[in-house]
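The following exercises are meant to be worked with the coordinates open beside the text. Each sets a task and is followed by a solution that proceeds step by step.

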Amino acid sequence: MLHIAVVEDDREDSRQIQNYIYRYGRETEIEFQVHAFEDGSEILNSYQPRYDIILLDIELPQVNGMDAAAAIRRQDSEVVLMFITNMAQYAINGYEVGALDFVLKPVNFYTFSIRFARAVDRAKRRESGQVLLTLPDSVRRISTHQIYYVEVQNRMLHYHTDQGEMVVRGTMQAAEQELSRYHFVRCNYWYLVNLRHVTEIRRDTVLVAGQELEISRRNRNTFMTALTNYVGGTHG
């Protein structure tokens, strides 16, 4: 299930957008849960990163959509943002907050479904999974989002996570097979990187959770292509 927020002060427009989302869900067999807000201030009140996609009008009575999006982006780097508005002149500002797309009013279902499909695709590509790690004294279940990168040393896998380092016995090939669907890619023989946590590329190295890892010549093209596709939300 994908969680969607619609921020729109015109109730008729809001109902239309929600109907379009549920219609798209019926046609694609994707389940959505939609939450409606009438102003940017409402969604910002006690905001938690619980939404996969947020659709915002720009002209709102108190906190406009652009300001709300900027505030959301400071708290949530992953949520997909879309603007639905009649203010095309503000489109360029949307890229400053990492907005995926704009849909101009009046909205018809055909146009909406094409743009919304892109948002759904990006959101689904960033869904997390769960892995079980058999540690010496316990078994831990962690989300793939929590893993920064996996390192292999002497037939042991070192999972570098937001909970610290966890060491298990295993092979890099097995880890890669399990994690590749969640956008983990090798930057060299020893490291399997979660593209979600890449913050910078420096010539022949990649910065992941503050650690600088070498990108080997052999893996460079594959790694850079995967990173470009991940950031751009395209298949690859």
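**Exercise 1.** Is Arg202 buried, partly exposed or exposed, and what is its relative accessible area? Find also the acidic partner of its side chain.

*Solution.* The model is a predicted one, and side-chain atom pairs are counted only at pLDDT 80 or more. The relative accessible area of Arg202 is 35%, and since buried means under 20% and exposed over 50%, Arg202 is partly exposed. The next step is to look for a carboxylate, and the search leads to Glu212, whose side chain meets that of Arg202 in a salt bridge with an N to O distance of 3.4 Å. This pair links distant parts of the chain, with Glu212 in strand E15 (residues 211-214) and Arg202 in strand E13 (residues 198-202), 10 residues apart. Glu212, at 44% relative accessibility, likewise counts as partly exposed.

**Exercise 2.** Locate the salt bridge between Asp57 and Lys105, and explain what it ties together.

*Solution.* The whole structure holds 11 salt bridges. In one of them the side chains of Asp57 and Lys105 meet at 3.5 Å, N to O. Asp57 belongs to the loop between strand E3 (53-56) and helix H3 (65-75), while Lys105 belongs to the loop between strand E5 (101-104) and helix H5 (109-125), so the contact ties together parts that are 48 residues apart in sequence. Turning to accessibility, Asp57 is buried at 5%, whereas Lys105 is partly exposed at 22%. The last step is to widen the view, for Asp57 and Lys105 are linked with Glu8 and Asp13 in a network of salt bridges.

**Exercise 3.** Describe the surroundings of Arg186 by its acidic partner and by the ring that it lies over.

*Solution.* The acidic partner is Glu176, which forms a salt bridge with Arg186, the closest N and O atoms being 3.2 Å apart. Because Glu176 lies in helix H6 (residues 172-179) and Arg186 in strand E11 (residues 184-188), the pair ties together parts that are 10 residues apart in sequence. Glu176 counts as partly exposed at 28% relative accessibility, while Arg186 counts as buried at 11%. As for the ring, Arg186 lies over the face of Tyr189, at 5.7 Å from the ring centre.

**Exercise 4.** Which residues do ring pairs link into a cluster with Tyr20?

*Solution.* A count of the aromatic pairs comes to 11. Among them is the tilted pair of Tyr20 and Phe112, with 5.6 Å centre to centre and 45° between the planes. Tyr20 lies in helix H1 (residues 11-28) and Phe112 in helix H5, so far along the chain that 92 residues separate them, and the pair links distant parts of the chain. Both Tyr20 and Phe112 are buried. Following the ring pairs onward, one obtains a cluster in which Tyr20 and Phe112 are joined by Tyr24, Phe32, Phe109 and Phe116. A charge also comes into the picture at Phe109, where the charged end of Arg23 sits over the ring, 3.8 Å from its centre.

**Exercise 5.** With which strands does E8 pair, and in which sense?

*Solution.* Strand E8 (residues 147-153) is mostly covered, with 5 of its 7 residues buried. E8 pairs with strand E9 (residues 156-161) in the antiparallel sense over 6 bridges, and Ile147 stands opposite Thr161 in E9. The hairpin of E8 and E9 has 2 residues between the strands, and in it Asn154 takes a positive phi near 50°. E8 is also joined by 3 bridges to strand E12 (residues 191-194), again running antiparallel, and here Val150 stands opposite Leu192.

Technical notes: Residues are numbered from 1 along each chain as its sequence is written. This is a predicted model: local features need pLDDT of at least 70, side-chain atom pairs count only at pLDDT 80 or more; totals for chains, interfaces and linings use all residues. Side-chain values use heavy atoms; hydrogens and water are left out. Buried means under 20% relative accessible area, exposed over 50%, partly exposed in between (1.4 Å probe, protein chains only). Helices (H or I, at least four residues) and strands (E, at least two) are DSSP runs, numbered from the N terminus. Two strands pair if DSSP finds at least two bridges between them. A salt bridge is a side-chain nitrogen of Lys or Arg within 4 Å of a carboxyl oxygen of Asp or Glu. Rings of Phe, Tyr and Trp (its six-membered ring) pair if their centres lie within 6.5 Å; planes under 30 degrees apart count as stacked, over 60 as edge-to-face and the rest as tilted. A charge sits over a ring if NZ of Lys or CZ of Arg is within 6 Å of the ring centre and within 35 degrees of the ring normal.
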